Amino acid sequence: MRAERRGPAGVRRALTRVTIPVAVASVAAAPALVAAPATAAAPLTVPATVPATAAPPRAEVVGGPQLAGRGVVVNAAPGVPAVPKIKASSWLIADADTGEVLAARDPHGRYLPASTIKTLTALTLIPKLDPNRLVRPSQKACDVEGTKVGLTPKMQYKVSDLFHAMLMMSANDAAYTLAEADGGVRKTLADMNAEAKRINARDTLAGSPNGLDKDLGLDVRTQHTSAYDLALILREGMKNPQYRAYMQAIDFPFPAPPTKKERKKGKKVGGYPIHTHNHMLAGEREAYAGMVGGKNGYTIAAKQTFVAEARRGGHTIVISLMHADRPPSPYAAKLLDWGFAARGKVRPVGALVPPGEVEQAKKDGHAGGVLPDAPLASDDASRRWLLVGGGAAGALLAVAVLFVVLRRRRRLEAARSGSIGRDPRR
């Protein structure tokens with residue numbers, strides 16, 4: 001055979017043509033060892049630039065690649081009007097039933113939350129605190145800045161009364177007292193941030209239970225959330241009947257120490273009515289048909305913030321807006337109107353992910369189920385080492401095979417040369 005007549009150089013050239021492609025193929029194939037196949041159902045996490053209003057840089061954005069955008073994000077469709085133009089730095093419109101995000105502006109931009117952070121306070125504490133438990137507020141809680149319901153250390157309040165005050169009229173003293181009932185403000189903030197992480201509200205950092213910022217020395221680096229996260233939080237909270245009841249209440253009799261006149265009549269507890277700050281509920285001056293509930297917020301630094309749900313024709317739309325220039329009800333109505341008009345007609349720009357979805361996707365070996373977790377898109381150092389290690393191992397194996405073959409070939413050539421020069425008579 002002609003191949004048997006090749007010298008060592010010829011063998012080396014032939015084996016090199018085989019070995020190099022093997023090494024290259026082993027490197028190229030390495031991701032298959034660490035990345036699971038994609039599925040279309042789960043949400044996507046992708047690298048993104050950090051908004052100017054953000055605190056520390058984030059490695060990924062939750063909900064889909066389009067939600068990484070800073071400007072208006074929408075997939076236009078025939079017959080659907082243009083998204084409303086409102087003067088808010090960030091907003092989001094989503095189908096609360098399916099989780100489909102229909103349109104947004106800077107959805108993951110981090111902004112000061114003002115009192116919308118109380119939606120997270122409620123989500124965290126309602127399942128933990130007995131609504132009939134009596135709580136006596138500290139003087140510090142009663143002296144807190146901003147909107148208050150008028151608590152006093154002289155009496156005890158039911159936990160349910162405090163939730164009504166916090167969610168209806170945004171009472172900062174009630175929020176602080178609920179945090180004390182949970183074991184203190186420090187513990188409550190840890191619980192709130194753990195709850196935000198559980199539901200994948202990754203843009204959220206609670207620095208207070210009530211949303212005060214400058215009064216507490218907080219800024220956007222130490223307390224923030226996003227339009228995306230506010231929608232996640234409210235959507236999760238509204239699954240709880242107690243949460244919904246507090247959000248939907250319009251009037252409520254709040255307890256207080258009795259007046260002199262009431263004491264003379266033998267009354268041990270007095271009180272006064274409190275009224276909702278959500279002007280979009282039924283019967284209010286800016287009522288929106290189908291309004292389920294929502295929470296407003298305002299500080300000088302945060303400007304106007306708002307998150308709400310409305311239900312019409314068997315469908316629920318959730319909207320959020322942040323850093324707006326005026327009271328939010330008219331803006332919220334425009335966003336809700338567009339959401340109901342566009343639902344089922346526009347292609348979603350992303351999704352509100354369910355609790356645990358993103359972390360579980362990572363554990364399963366892919367970034368979120370829409371695209372494979374390629375090495376350039378992964379922030380997991382261990383996967384990169386597996387990728388490099390798998391490719392290097394393949395290359396080393398090919399080189400080792402080449403070395404053994406060449407060494408054996410040289411021995412055979414040496415043996416053949418020796419037999420030709422030997423005296424046959426010896």
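A residue is called buried under 20% relative accessible area, exposed over 50% and partly exposed in between, with a 1.4 Å probe and protein chains only. By this rule alanine 114 counts as buried, because its relative accessibility is 0%. The model is predicted: local features need pLDDT of at least 70, side-chain atom pairs count only at pLDDT 80 or more, and totals for chains, interfaces and linings use all residues. Residues are numbered from 1 along each chain as its sequence is written, and side-chain values use heavy atoms, with hydrogens and water left out.

The protein has 426 residues, and 50% of them count as buried. It contains 12 helices and 13 strands. These elements are DSSP runs numbered from the N terminus: helices are H or I with at least four residues, strands are E with at least two. The accessible surface comes to about 20900 Å². Carbon and sulfur atoms hold 59% of that surface. Such areas come from the Shrake-Rupley method with a 1.4 Å probe, and for residues only the protein chains shown count as cover. Contact means heavy atoms within 4.5 Å. Among contacts with a separation of 6 or more, 66% join residues 24 or more positions apart.

Helix α2 spans residues 118-125. Its packing against two other helices was examined. Two packed helices are described by the angle between their axes and the distance between the axes. Axes are lines fitted to C-alpha atoms, for helices over the stretch in contact, and angles run from 0 to 180 degrees between N-to-C directions. Angles under 35 degrees count as roughly parallel, over 145 as roughly antiparallel, 65 to 115 as roughly perpendicular and the rest as oblique.

The first partner considered is helix α4, residues 159-169. The two axes come within 10 Å and cross at roughly 155 degrees. Helices α2 and α4 are therefore roughly antiparallel to each other. The crossing of α2 past α4 is left-handed; that is, the near helix is turned anticlockwise from the far one by less than a right angle, whereas clockwise would be right-handed. On the α2 side, Lys118, Thr121, Ala122 and Leu125 make the contact. Phe163, Met166 and Leu167 do so from α4. By class, this contact has five nonpolar, one polar and one charged residues. Here Ala, Val, Leu, Ile, Met, Phe, Trp, Tyr, Cys and Pro count as nonpolar, Asp, Glu, Lys and Arg as charged, and the others, Gly among them, as polar.

Helix α6, residues 185-198, also packs on α2. The angle is about 95 degrees, and the axes lie 9 Å apart. Helices α2 and α6 are therefore roughly perpendicular to each other. From α2 come Leu120, Thr121, Leu123, Thr124 and Leu125. From α6 come Thr188, Asp191, Met192, Glu195 and Ala196. This contact has five nonpolar, three polar and two charged residues.

Tyrosine 243 sits in helix α8, residues 241-248. It is buried, with a relative accessible area of 1%. Its C-alpha lies 7.5 Å from that of leucine 123, although the two are 120 residues apart in sequence. Leaving aside residues up to four places away in sequence, tyrosine 243 touches Thr119, Ala122, Leu123, Ile126, Ile233, Leu234, Gly237 and Met238. Ile233, Leu234 and Gly237 are among the buried residues of α7. Helix α7, residues 227-237, is mostly covered, with 11 of its 11 residues buried.

Serine 320 belongs to strand β12, residues 315-324. Its relative accessible area is 0%, so serine 320 is buried. Beyond four places in sequence, its contacts include Ala227, Leu230 and Ala231, buried residues of α7. Serine 320 and proline 107 are 213 residues apart in sequence but 9.3 Å apart, C-alpha to C-alpha. Histidine 323 lies in the same strand, β12. Its phi is near 60 degrees, a positive value in a residue other than glycine. Histidine 323 is partly exposed, with a relative accessible area of 27%.

The loop between β5 (100-105) and α2 holds alanine 114. Aspartate 106 lies in the loop between β5 and α2 too. Aspartate 106 has a positive phi of about 45 degrees, although it is not a glycine. At 2% relative accessibility, aspartate 106 is buried. Alanine 114 and glutamine 304 are 190 residues apart along the chain, yet their C-alpha atoms are separated by 8.0 Å. Contacts of alanine 114, not counting residues up to four places away in sequence, are Asn210, Gly211, Gly297, Tyr298, Thr299, Ala302 and Thr305.
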